[in-house]
Amino acid sequence: MFLTRRIARKLGEIIERAPEPLTKLTESETFFKETVRKFASNVVQPRIREMDKNSKMSQVVIDGVFENGLMGVHVPEVYGGSGSTFFDAMLIIEELAKVDPAVSAMVAIHNTLPVSMILDHGNEEQKLEYLPKLCQGTLGSFAISEAEAGSDAFALKTIAKKDGDHYIINGSKSWITNSSEAGVFVVFANIDPSLGYKGITCFIVDRNQEGVSVGKEEDKLGIRASSTCQVHFDNVRVEESKVLGELGKGE
């Protein structure tokens, strides 16, 4: 009996020291999740049918995800973000997907690709110029896929030719999410095709630059409110300072 009590006491001590299970959210994470759930229910859900019918994301929804701090949530406050965690960004994406995967896709692409890429690989000047925009009102898009370079991204044909302290980008991208509404694109192009994939480089391109055009939206079977278009680059002249990461690294 004495031994049994000792074992029970020891087990109790071990249980007290055990870390919380990964599936258990903190109080702040739970509150955050509930806040997103309310936004999805009150703002997104009433507009789903119309957005799906018209293949068009509601501007009210776009404004709402920014106003509620759901874009750039893991970006430090110094760059205009919420200063939270990437895990919280995943909670946002999950909660939105329960109501409308189209809205979830828009938020997911924005947070996990253009925003994260600039945060992780951008220099200080790029972060200060672009992250506040992307956190507070400008949608971002990720442009890598092409008609003959979908799964095989190394086969991309878009070219960026050096011209003094600029690069001139020519090519077209296909099936680009958020492209209809995006104000900033992260674009992959090859600066030297003779190097194969080692020439692939990433650039930050503003939508309003001359030579950037967005084609019509694809008529999809589902997730219709999430825009999916071709994006064309016709002699788009970008400054050398817009290279994201290292040359030839495709960061």
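**Loop residues, a helix pair and two nonpolar cores**

At a relative accessibility of 41%, I223 counts as partly exposed, because partly exposed covers the range between 20% and 50%. The structure discussed here is a predicted model. In this model, I223 belongs to the loop between β6 and β7. Its phi is positive, about 50°, although I223 is not a glycine. For context, most residues other than glycine have a negative phi.

A second residue invites the reader to look at its backbone. N178, which is not a glycine, also carries a positive phi, near 75°. This residue is found in the loop that runs between β3 (166–177) and β4 (184–190). Here the relative accessible area is 1%, so N178 is buried; the cut-off for buried is under 20%.

The loop between β6 (212–217) and β7 (228–239) also holds S226. With a relative accessible area of 4%, S226 is buried. Leaving aside residues up to four places away in sequence, S226 touches M57, A102, A105, T177 and K220. Over in strand β5 (residues 200–206), I200 offers another case. I200 counts as buried because its relative accessibility is 8%, against a limit of 20%. Its C-alpha lies 4.2 Å from that of N190, a residue ten positions away in sequence.

It helps to place these details in the chain as a whole. The chain contains seven helices and eight strands, and 43% of its 251 residues count as buried. Among contacts with a separation of 6 or more, 69% join residues that are 24 or more positions apart. About 13,400 Å² of the chain is exposed, and carbon and sulfur atoms supply 53% of that area.

Turning to the helices, α2 (residues 27–44) and α5 (residues 86–99) pack against each other at an angle of about 35°, and their axes are 9 Å apart. The crossing of α2 past α5 is right-handed. On the α2 side, the contact is made by E29, F32, K33, V36, R37, F39, A40 and V44. The α5 side contributes F87, D88, L91, I92, E94, E95, L96, K98 and V99. By class, the residues of this contact comprise ten nonpolar and seven charged ones, with no polar residue.

Which residues touch the most other members of the largest nonpolar core? They are V103 and M106, in a core of 24 residues. Helices α2, α4 (59–67), α5 and α6 (101–121) each supply at least two residues of this core. The greatest share comes from α2, which gives six residues. Once residues up to four places away in sequence are set aside, V103 touches V44, M51, M57, V61 and L96. Two of these partners, V44 of α2 and L96 of α5, also take part in the contact between those helices. M57, for its part, is touched by S226 as well. Apart from the 24-residue core lies another core, made up of 20 residues and including Y130, I144, L156 and L244.

Key
Residues numbered from 1 in each chain as written. Predicted model: local features only at pLDDT ≥ 70, side-chain atom pairs only at ≥ 80, totals over all residues. Heavy atoms only, no water. Axes fitted to C-alpha atoms, helices over the stretch in contact; angles between N-to-C directions. Helix = DSSP H or I, 4+ residues; strand = E, 2+ residues; numbered from the N terminus. Left-handed = near helix turned anticlockwise from the far one by under 90°. Contact = heavy atoms within 4.5 Å. Nonpolar A, V, L, I, M, F, W, Y, C, P; charged D, E, K, R; others polar. Core = buried A, V, L, I, M, F, W, Y, C linked by side-chain atoms within 4.5 Å. Buried < 20%, exposed > 50% of the residue type's maximum accessible area, 1.4 Å probe, protein only. Areas by Shrake-Rupley, 256 points an atom, 1.4 Å probe, with all protein chains shown as cover.
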